[in-house]
Structures are given as C-alpha cells and as structure tokens.
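Please open the structure in your viewer and set the display to show side chains. The tour below proceeds by selection, with a note on what each selection contains.

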Amino acid sequence: MTRVVAVQPALQIGDVEGNLRRCADLVRAAAREHSPEAIFLPEAMTSPNAYDARMRSVARPLLGAPLRVLRSLAREHGCLVGGGFIAVRGHDTRGTYALCEPDGAIHLHDKDQPSFWENNYYAGGSDDGVMATSLGPIGCANGFEWGRVRTAKRLVGRVQLVAGGMHFPSFPTWALTRRWLIDRDEQYLLQYCRETPPRMARMLGVPAVHPSHVGPFTMETPLIPGLRYPSRMLGETTICDADGVILQRLSYEDGEGYVCADVTLAEPAPRDPIPEIFWNAAFPVSVHLVWYLGNAHGAVKYRAMKALGRHSWQPSPDLPAYICAQQAPPLEPHERT
C-alpha cells in the first residue's frame, strides 16, 4: 500500500509569496500527521486561475521560488511533493505541474490546453504527462485534463496512479442570473467535480488523487470591463481507488485542509471503456459558451501581448520533462520555505 495526501487550499488571487507559504504549511502539517509517500497540491498553487489584472505578475521562472518550495518540502519530509504553477519555460508560459522527489529529481507536466480565461496567461503543452517516479509510473492531469477523453487515452495502460490538481470556479453570483447559473447550473458543476475523479480512475483502472482549490473569490469579468465577478472555487478534493470508490473527500463546506488514504499501486486494469467523445461527462450549455468564448478571447490576447512585448515575464531557462537528481539544479542545505 502507498499512502497519499491530497491538499485542498484556500488561496488568494495574485499573492504568490503568501500562497506558497500557505501551501508549505499545509504540506508540513499533512506530513507530520500522516507520514505519506506522496503529497499532492492542486494546479495553480501560486494563485487561483482567475481573470484579473493581478494575474499579470503571477508567472515565475521554472527554476524560481515555486519549484524550490516543492523540492525543499520533498527533501524535508522524505516524500514526493507535487504542485502546479504558471511557469516561464523558454519563450512561453505554461500551466506546469512539478512532482519532486526527496533526492532532488524533478518530473514536469504542462497542461495540454488552458481553459477559459487561463488562455490569457499561458499556452498549452505537448508532453504525455507520464512520470516514471520512485513509487512507480504516475500519470499527471491538470484542471480540465481530468475531464477530457484524450487524457485517458494518453495515460491508459501506462500508469499505476493518476494525480495532479484541479481549480474549478463556479458561476458569478449576480442577482440577475442567479436563478439559472447558481440555482440550476452550479449543481451540474458540483456533480461534475464529484464524478470526474472516479470516472478517470475507472477508465484507467488505477487510483486517483484529485486535490482542488476551495473558497470564495472575486475577479474581473472577461469581455465586460468594470464588471466584478464574485464566485467561489468548489473544492471536491478526492482520493479514490481503481474501482472509483471514494476513499476520502473534502467538499466546499469542509473548507481548507487535506485528506489521506492508502492506495494500491499495481498494473492498470481498466474497468470502463474510454468513450469516443471530447468530454467524458456532460456540461450545461452555459459552460460550453464560456469555454468557446473564453478560449478564443484569451488565446488571441496572449499572442497579442506577447507580440507587443507586454507580458510582465521575460524568457528564462527551461528543463526537460524529467531531470534526474544528478542533473537537477543544486538545492542548498539552508533553503527552506
């Protein structure tokens, strides 16, 4: 059996340093309480993925503070520690997830496609997300990768665990649209959040560790300058076994925290077929509309800002998807978060 932890943080938009400190505190508390072999933070651990001017300063060099925090935590507690952040990788930014080994080795995965307004802040990646770790092969999924059939297709038969992270915002709480978006469609989103990890586990035939963000937030509204977008991140952090049975879960009402479970890492044995569709679960029409509009708007703006030299980040060194301990950048003994 392998003991794993999924962390559900409540973070603040744009507060990179404060969010890293909070994530480190949660990882340390979980490590002291459970002594796990692996601890997983969600994607976007440096800032919730919002549409907001504060997001312009969130990207960090791949070899910067977020990766140093994860590596120092892995060394400090003698276990794998993973988390996601917007990383500058060469001449682009990516939604990168880093899984760090106690000996200093680093595994990286870039989300294949940003979702909604995320397209404003980073571009998609192309690696397969299969990480050959000291615990065995782990498949990485970030955000809506959990809900896309192509994620299952690239991981099936190749991994013994699927993990990564989710940031799932809800609809705005505007009074004018509350009847449709909050009272009705938000229930679809909650069901999607709850059902996606078990569904992915069954298609791959391996356990799933699905950490997620939680808590209220307010951002700007895409395409409508000056209109605030009050909402919440839905939580639904989950650990389930290869049959899709939920072993531990944190809902929105549970708030910030972490859960731990013992899972079996073995040869994959898929329980369910992988459907020949794009999404592996249904969305309300409102989500599809935001998906297409947000993707198009964000991608165009990202490319335009890059061409005009308006991004706040500068190109910085990149790394391959796997860096062994001997080739990884040195981490000084005194470095602590």
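Begin by selecting Val 162, bearing in mind that this is a predicted model. Leaving aside residues up to four places away in sequence, Val 162 touches Gly 139, Ala 141, Trp 146, Leu 155, Met 200, Leu 204, Val 206, Pro 207, Ala 208 and Val 209.

Which residues touch the most other members of the largest nonpolar core? Add Leu 70, Phe 85, Phe 144, Phe 168 and Met 219 to the selection, for these residues, together with Val 162, hold that position among the 80 residues of the core. Helix 4 supplies the largest share of this core, ten residues. A second core, separate from the one just shown, has 19 residues, including Val 4, Ala 38, Phe 40 and Leu 80.

**Helix 1**

Next, select residues 16-34, which form helix 1. The end C-alpha atoms of this helix are 27 Å apart, in agreement with the 27 Å that its 19 residues should span at 1.5 Å a residue. Colour the buried residues of helix 1: Val 16, Gly 18, Asn 19, Leu 20, Cys 23, Ala 24, Leu 26, Val 27, Arg 28, Ala 30, Ala 31 and His 34. An α-helix has 3.6 residues a turn, so residues three or four places apart point the same way.

To view the surroundings of these buried residues, display strand 1 (2-8), strand 2 (38-40), strand 3 (60-61), helix 2 (65-77), strand 4 (80-89) and strand 15 (257-263), against which they pack.

Within helix 1, centre the view on Ala 24. Is Ala 24 buried or exposed? Its relative accessibility is 1%, and Ala 24 therefore counts as buried, the cut-off being under 20%. A distance drawn from the C-alpha atom of Ala 24 to that of Asp 262 reads 22 Å, the two residues being 238 residues apart along the chain. Then move to Ser 35, just after helix 1, where phi is positive at about 45°.

**The largest pocket**

Finally, turn to the largest pocket, which holds about 510 Å³ of space. Select Trp 117, Tyr 229, Ser 286, Leu 289 and Val 290, the closest to the pocket centre of the 23 residues that line it. Helix 4 (178-204) and helix 5 (285-307) are the elements that give two or more residues to the lining. Helix 5 gives the most, with six residues. Colouring the lining by class shows 19 nonpolar and four polar residues, with no charged residues.

Note on methods:
Residues numbered from 1 in each chain as written. Predicted model: local features only at pLDDT ≥ 70, side-chain atom pairs only at ≥ 80, totals over all residues. Heavy atoms only, no water. Helix = DSSP H or I, 4+ residues; strand = E, 2+ residues; numbered from the N terminus. Expected span 1.5 Å × (residues − 1). Buried < 20%, exposed > 50% of the residue type's maximum accessible area, 1.4 Å probe, protein only. Contact = heavy atoms within 4.5 Å. 1 Å grid on protein atoms, 1.4 Å probe; cavity = no way out; pocket = protein on both sides within 12 Å on 5 of 7 lines; lining within 4 Å. Points joined across faces, edges and corners; volume = space filled by probe spheres on them. Nonpolar A, V, L, I, M, F, W, Y, C, P; charged D, E, K, R; others polar. Core = buried A, V, L, I, M, F, W, Y, C linked by side-chain atoms within 4.5 Å.
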